[in-house]
Amino acid sequence: MSVLKEGQLLYPTESLPPMMRDFVYCVMHATQANDALVGPVAVSVASAAVQGVADVLTPFGTDMPTSLFTGVVALSGDRKSTVLKLACRGMEEFERGMEGYPDPEMSFRDWGAHPFLLEEATEKGVVDVYAKGAKSLFYALDEGSILTRNLVVPSLCKRYDGADIRDLNRTRGFTYVADTRGALCMLVQDLTFSRMMKGDKGAYLIESGLLPRMLMSFASMPLSVPPPPCSMNLHSHEFHERTKALMQDYKVIFMHGKPRSKMRLVADAEQLWKQALEEWEMLLQDGVWNSIRPFVRRAGEQALRLAGVLQWFTAPQEMIERTSMEAAIDIVQWHLVQARAGFGKLPQEALQQELARTLYDYLMRRAVKYNATATPRNTLIRSAPLSLRKADQLDMALDQLELEGKVGFYPMNTRKNVVLTAASIAAMNPKNTTIANNLSGKF
């Protein structure tokens, strides 16, 4: 098995365990959101449910949290908030144990619940929740711009690693809390993310290690074909029931101070993981991959965490099976390709070809979705994948696609409208299915 699946554009939903895969399809049906948005959110929610009850014992003998940090960049109107809310339903029952909240000074352990889904929390508020007994929290941010406004980035990085909290505050004094867990799902609009990444702030988010700790997804592609049917009712789906069960397990652990379970790899899963580590290390010999070195170097750790999440969420046991590791490697590799597309620096010729592939895939999907072969240039500047929204990079991609005979332009000698050529339409429709030309009469 090789990790090198660079051509894979669709989220590897088929690699997920059946119950999680079915839930992803159900949410896609209900919201018309694409797999690159729904898949990472579902995995992130599963991580938040598992992290409170189980850790991974690495092949090197150290404990590792099953907490995952996920970042999804999507277009405005892509149903980010709806998808996150649907995925988190199984956690609401645990939080309802907070109803009444009789005494703000009382430990959360006294009534068996605490705030779990954090949206607009401040760093002081987060420390307070941990100090009053919480052991596991989920930063569920459907407006990711608040990430750097309210939360302290170095502290977030420590939460990912499960580090002890040592907080010194002028009014509160010194707070020490050991053995906590925190997962994060950051959903952010593409234009907001672009502003976040400009200047020193963007460099800081990468250099601090926060973004390289994230499984990144740039979910800007429209849903081109309907997902396969789902077998369960979305609102009473087994995914929610499993989340509820894990939250009840966590309740017992945090109320009574019991230790989390430990998972380790079976022999063939460990061998597969070590093979993937070697291949990811080899990627760094390529200048393009080396430009996202922090992401690549964390891939092995991400695969361990993710394999533990998939195993415990669907078939809890002390041994992580090979199938869980295979799925984890597929998913982590897909996220690496996403990170390379979003953050990697390419040589000019390679950049032009990469942009052309991205644009061509977008135009083909759009043609199927809207039954039209022509796309106005201003639509591309507004709605194409993020890397193509600068005029110079869009022109680089158009130059390459025109050279390859895949697109033409209307009116002639302008680029007001980009039109797929007959060869592109034939590649899209091997059975000569008719796709309307929305500039009919012009060609």
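## Reading a buried strand and two cavities

In this predicted model, Tyr-139 of strand β5 stands opposite Leu-184 in β8.

Me: Which way do the strands β5 and β8 run, and how many bridges join them?

Reply: Strand β5 and strand β8, which covers residues 181-189, run parallel and are joined by 6 bridges. On the pairing of β5 with β4, a strand of residues 117-118, the picture is again parallel, here with 2 bridges, and Leu-117 stands opposite Phe-138 in β5.

Me: What do β4, helix α5 and β5 make together?

Reply: With helix α5, residues 123-131, placed between them in the name of the motif, β4 and β5 make a β-α-β unit that is right-handed.

Me: How should I read the side chains along a strand, and which residues of β5 point one way and which the other?

Reply: The general idea is that side chains in a regular strand alternate between the two faces of the sheet. In β5, Ser-136, Phe-138 and Ala-140 point one way, while Leu-137, Tyr-139 and Leu-141 point the other way.

Me: Are the residues of β5 buried or exposed?

Reply: Strand β5, which spans residues 136-141, is mostly covered, since 6 of its 6 residues are buried, where buried stands for a relative accessible area under 20%. The residues pointing either way from β5 are all buried.

Me: How does one look for empty space inside a model, and how many cavities of 30 Å³ or more are there?

Reply: The general idea is to roll a probe the size of a water molecule over the atoms, which shows where empty space is left. In this structure the count comes to 2 cavities of 30 Å³ or more; the largest cavity holds about 70 Å³ of space, and the second largest has a volume of about 40 Å³.

Me: Which elements supply at least two residues each to the lining of the largest cavity, and which gives the most?

Reply: Strand β9 (214-219) and the helices α14 (299-314) and α15 (322-343) each supply at least two residues of that lining, and α15 gives the most, with 4 residues. Among the lining residues of the largest cavity are Met-214, Phe-295, Gln-302 and His-335.

Me: What classes of residue line the two cavities?

Reply: The lining of the largest cavity has 9 nonpolar and 2 polar residues, with no charged residues. By contrast, the lining of the second largest cavity has 5 nonpolar, 1 polar and 2 charged residues, and it includes Val-73, Asp-190, Ser-220 and Arg-389.

Terms used
Residues numbered from 1 in each chain as written. Predicted model: local features only at pLDDT ≥ 70, side-chain atom pairs only at ≥ 80, totals over all residues. Heavy atoms only, no water. 1 Å grid on protein atoms, 1.4 Å probe; cavity = no way out; pocket = protein on both sides within 12 Å on 5 of 7 lines; lining within 4 Å. Points joined across faces, edges and corners; volume = space filled by probe spheres on them. Nonpolar A, V, L, I, M, F, W, Y, C, P; charged D, E, K, R; others polar. Buried < 20%, exposed > 50% of the residue type's maximum accessible area, 1.4 Å probe, protein only. Pairing = 2+ DSSP bridges. Right-handed = clockwise from strand over helix to strand, strands pointing away.
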